[in-house]
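Please go through the model shown below. The report moves from single residues to helix packing and then to the whole chain.

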Amino acid sequence: MARVIHVFRQPDRFVAGTVGEPGDRTFYLQAAEDGRLVSVVLEKTQLTVLADRIGSLLEEVQRRFGAEVPESPPDDLVDTEPLTVPVEEEFRVGTMGLGWDAESTAVVVELLAATEDEVDEAVVLDDTEEGPDAVRVFLTPPAARAFAVRADRVVNAGRKPCPLCEEPLDPSGHVCPRQNGYRRTEDS
C-alpha cells in the first residue's frame, strides 16, 4: 500500500493535548487546515522531547540565520482550547523529524507512524513512496514557539511530583521509595 503523507503547509491549528485523567492520559498531536483534521498519538516523553527540540531549533535558527523568533508566543497564537472532537487516531508516532525550511522560513515537524521495521532516516522529511505514513507540519517561528509552550503546559498538567522522590503522586496514595515504608507523623 502506498505511503500517506499528510502535509499542512499553513495549519489553522497544530496543538498537543490529552484525553483521560492524570495518570491515565493519552497524548495527542492535532493538525488542522482548511477543514482537514489529523490526530496522532504519541508518548509523553516524545512530546517533551519535541517541545525542547523546537525551542533549541528556534534558538539556532535565530543565531545562524537571523530569523525573527519571539521569546514568548504572541497572544493571538496562544491556544488554550481542548482538542477538536472526535479525536480519531490516525496512527501512533514512532519516529519524529524536525528541520528548518529556509525557503519558507518555517519549522518543519514530521511525525512518522510506528512500524515493526527499522525506519531508514532517508524517509524523514522526504516524499519517497516507501516508508511509514507521516504528518508533516510547517510552522512559522511564532507558531512553533506557541506549540512548544502549550506542549510544556500539557505535559506538566498531569500528576504533581512527590517532593521527596519526584515520582508522580496518585490521588489514591503514594508509596515513596525514599521513605522506606516509614511515614513520619507530626509528633516524631
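Which side chain is joined to that of Arg136 by a polar contact, and at what distance? The partner is Asp127, and the polar contact between the two side chains is 2.6 Å. Note that this is a predicted model.

**Three strand residues**

Arg136 sits in strand β7, which covers residues 134-139. Its relative accessible area is 7%, below the 20% cut-off, so Arg136 is buried. Beyond its neighbours within four places in sequence, Arg136 touches several stretches of chain. Its contacts include Ile5, His6, Val7 and Phe8. Val108, Val109 and Glu110 are also among them. Leu125, Asp126 and Asp127 are in contact with Arg136 as well. Asp127 therefore appears both as a contact and as the polar partner of the buried Arg136.

Ser39 belongs to strand β4, residues 36-42. Is Ser39 buried or exposed? Ser39 counts as buried, because its relative accessibility is 2% and the cut-off is 20%. Its side chain makes a polar contact of 3.0 Å with the side chain of Gln30. Leaving aside neighbours within four places in sequence, Ser39 contacts Tyr28, Leu29 and Gln30, among others. Further contacts of Ser39 include Val87, Glu88, Glu89, Glu90 and Phe91.

Thr95 lies in strand β5, residues 89-101. With a relative accessible area of 25%, Thr95 is partly exposed. Outside its neighbours within four places in sequence, Thr95 meets Glu110, Leu111, Leu112, Val119 and Val124. Glu110 is in contact with Arg136 too. Gln10 is 85 residues from Thr95 along the chain, and their C-alpha atoms are separated by 22 Å.

| Residue | Strand | Relative accessible area |
|---|---|---|
| Arg136 | β7 (residues 134-139) | 7%, buried |
| Ser39 | β4 (residues 36-42) | 2%, buried |
| Thr95 | β5 (residues 89-101) | 25%, partly exposed |

**The helix pair**

Two packed helices are described by the angle between their axes and the distance between the axes. Here, helix α1 (residues 44-65) packs on helix α2 (residues 141-156) at about 145°. Their axes are 9 Å apart. The crossing is left-handed. On the α1 side, the residues that meet α2 include Leu47, Leu50, Ala51, Ile54 and Leu58. On the α2 side, Ala144, Phe147, Ala148, Ala151 and Val155 are among those that meet α1. By class, this contact has 12 nonpolar, 2 polar and 4 charged residues.

Does the length of α2 agree or disagree with its residue count? α2 has 16 residues, so at 1.5 Å a residue it should span 22 Å. Its end C-alpha atoms are 23 Å apart, which agrees.

Many positions of the helix can be listed by burial. Buried residues of α2 include Pro141, Ala144, Arg145, Ala146 and Phe147. Ala148, Arg150, Ala151, Val154 and Val155 are buried too. What covers them? The cover includes α1 together with strands β2 (13-19), β3 (26-33), β5, β6 (106-113) and β7.

**The whole chain**

The chain has 2 helices and 7 strands. Along the sequence their order is β-β-β-β-α-β-β-β-α. Of the 188 residues, 37% are buried. The C-alpha trace spans about 65 × 40 × 30 Å along its principal axes. Among contacts between residues at least 6 apart in sequence, 61% join residues at least 24 apart.

Methods:
Residues numbered from 1 in each chain as written. Predicted model: local features only at pLDDT ≥ 70, side-chain atom pairs only at ≥ 80, totals over all residues. Heavy atoms only, no water. Helix = DSSP H or I, 4+ residues; strand = E, 2+ residues; numbered from the N terminus. Buried < 20%, exposed > 50% of the residue type's maximum accessible area, 1.4 Å probe, protein only. Polar contact = N/O pair within 3.5 Å; in protein donor to acceptor, adjacent residues only side chain to side chain. Contact = heavy atoms within 4.5 Å. Axes fitted to C-alpha atoms, helices over the stretch in contact; angles between N-to-C directions. Left-handed = near helix turned anticlockwise from the far one by under 90°. Nonpolar A, V, L, I, M, F, W, Y, C, P; charged D, E, K, R; others polar. Expected span 1.5 Å × (residues − 1).
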